Amino acid sequence: MEKIRNPVVAGTFYPSNPENLKSLIKELFGDSFKVNSEKLIPPMGVIVPHAGYIYSGETAAKAYKKIFEKGIAKRVFLLGPNHTGLGSKISIFTSGSWETPLGKIKVDEKTTRKILKELDIYNDEFAHLNEHSLEVQLPFLQYAMGNDFEIVPICMMDQSLETSKKLGKILADIIEDGDLVVASSDMNHYESHEKTLLKDEKVIETLKKMDLQEMYDRIKRYNITMCGYGPVAVLLSIGFDDIEIIDHTTSGEKSGDYEVVVGYISAIVSNSQK
């Protein structure tokens with residue numbers, strides 16, 4: 001029997017009804033959105049938030065839109081933080097499929113096993129049971145590409161720079177044309193809109209320079225509660241040389257509550273055309 005990871009935040013973070021979900025994503029992408037289904041993207045990465053769609057969906061969609069107007073992916077590496085404390089320090093969902101209201105997506109078992117072998121770590125997939133940071137990315141991908149792609153789901157409890165660099169180096173030897181690496185992260189949490197924008201900018205400055213050590217130093221120095229810094233560090237350790245910040249906002253701009261917000265950015269990482 002096939003192992004299936006069922007959706008756990010459908011109906012809360014995004015609609016559980018397929019037609020309502022498609023309608024919402026269509027609205028987030030905009031009427032002008034058109035997928036370039038004739039072309040595979042070169043290896044690329046994206047940094048996107050993972051909150052409820054009403055808060056962060058527009059920010060995520062702005063980056064996904066730019067990616068899929070260039071081409072489609074055949075394989076997506078999903079990197080997200082572990083919010084639940086379950087499972088192993090690095091947890092890879094190795095086989096089977098993930099299901100959302102838009103259908104099932106197959107896990108690339110050959111690749112997940114290869115990464116596990118390279119990491120040489122204990123793997124407990126329980127981390128994925130209730131984790132939302134990867135799941136919320138899937139409907140965006142399915143809306144643009146259907147279900148004709150494979151995923152490599154990786155959940156990170158250990159977000160140390162050392163581990164992130166090691167995983168980034170492993171992925172650098174694997175990714176090829178048609179591969180998209182998704183780093184799922186929200187930014188600063190539960191402070192005012194103004195303070196959150198300022199704290200986020202301290203991280204964004206390091207992203208623009210692709211200076212991971214400085215990013216980690218600033219997160220610690222300024223007590224920035226960015227939750228997916230490890231996935232972002234993995235992405236930036238792969239060897240891409242260009243980053244474009246697409247959007248930076250907070251939940252306050254959607255909720256109207258500017259006193260207690262969460263920050264969101266989206267960005268595209270790629271290799272510049274030389």
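Begin by selecting helix H8, whose buried residues are Gly-230, Pro-231, Val-232, Ala-233, Val-234, Leu-235, Leu-236 and Ser-237. Please keep in mind throughout the tour that this is a predicted model. Because eight of the nine residues of H8 are buried, this helix is largely enclosed by the rest of the structure. Moving on past the end of H8, select Gly-239, which follows the helix and has a positive phi, near 120 degrees.

Next, bring helix H7, residues 212-221, into view beside H8, and colour its buried residues, which are Leu-212, Glu-214, Met-215, Tyr-216, Arg-218 and Ile-219. Which helices are included in what covers these buried residues of H7? The cover includes helix H5 (161-172), helix H6 (193-209) and helix H8 (229-237), and it is the last of these, H8, that is worth examining together with H7.

With both helices displayed, look along the pair: H7 and H8 pack at an angle of about 165 degrees, and their axes are 10 Å apart. That angle makes H7 roughly antiparallel to H8, and the crossing of the two helices is right-handed. To see the contact itself, select Leu-212, Met-215, Tyr-216 and Ile-219 on the H7 side, and then Tyr-229, Gly-230, Val-232, Ala-233, Leu-236 and Ser-237 on the H8 side. How many of the residues in this contact are nonpolar, polar and charged? Eight are nonpolar and two are polar, while no charged residue takes part in the contact of H7 with H8.

Now turn to the two ends of H7. At its start, select Asp-211 and Gln-213, where a side-chain oxygen of Asp-211 reaches to within 3.4 Å of the backbone nitrogen of Gln-213. After the helix, select Asn-223, which follows H7 and whose phi is positive, near 50 degrees.

Stepping back along the chain, select Met-210, which is placed in the loop between H6 and H7. Met-210 is not a glycine, although it has a positive phi of about 55 degrees, and with a relative accessible area of 23% it is partly exposed.

From that loop, go on to helix H6 and select His-193, which lies in this helix. Is His-193 buried or exposed? His-193 is buried, with a relative accessible area of 11%. Leaving aside neighbours within four places in sequence, the residues in contact with His-193 are Thr-250, Glu-253, Tyr-258 and Val-261, so displaying these four side by side with the histidine shows its surroundings beyond its sequence neighbours.

The next stop is the loop between helix H3 (109-119) and helix H4 (138-145), where Asp-120 lies. Asp-120 is a residue other than glycine with a positive phi, near 55 degrees, and at 68% relative accessibility it counts as exposed.

Finally, follow the chain into helix H4 and select Phe-140, which lies in that helix. Phe-140 is buried, with a relative accessible area of 2%. Not counting residues up to four places away in sequence, Phe-140 touches Ile-25, Leu-28, Phe-29, Tyr-53, Gly-57, Ala-60, Ala-61 and Tyr-64, and selecting these residues together displays what touches the phenylalanine from elsewhere in the chain. As a last check in the viewer, draw a distance between the C-alpha atoms of Phe-140 and Asn-82, which are 58 residues apart along the chain and are separated by 21 Å.

Key
Residues numbered from 1 in each chain as written. Predicted model: local features only at pLDDT ≥ 70, side-chain atom pairs only at ≥ 80, totals over all residues. Heavy atoms only, no water. Buried < 20%, exposed > 50% of the residue type's maximum accessible area, 1.4 Å probe, protein only. Helix = DSSP H or I, 4+ residues; strand = E, 2+ residues; numbered from the N terminus. Contact = heavy atoms within 4.5 Å. Polar contact = N/O pair within 3.5 Å; in protein donor to acceptor, adjacent residues only side chain to side chain. Axes fitted to C-alpha atoms, helices over the stretch in contact; angles between N-to-C directions. Parallel < 35°, antiparallel > 145°, perpendicular 65-115°, else oblique. Left-handed = near helix turned anticlockwise from the far one by under 90°. Nonpolar A, V, L, I, M, F, W, Y, C, P; charged D, E, K, R; others polar.
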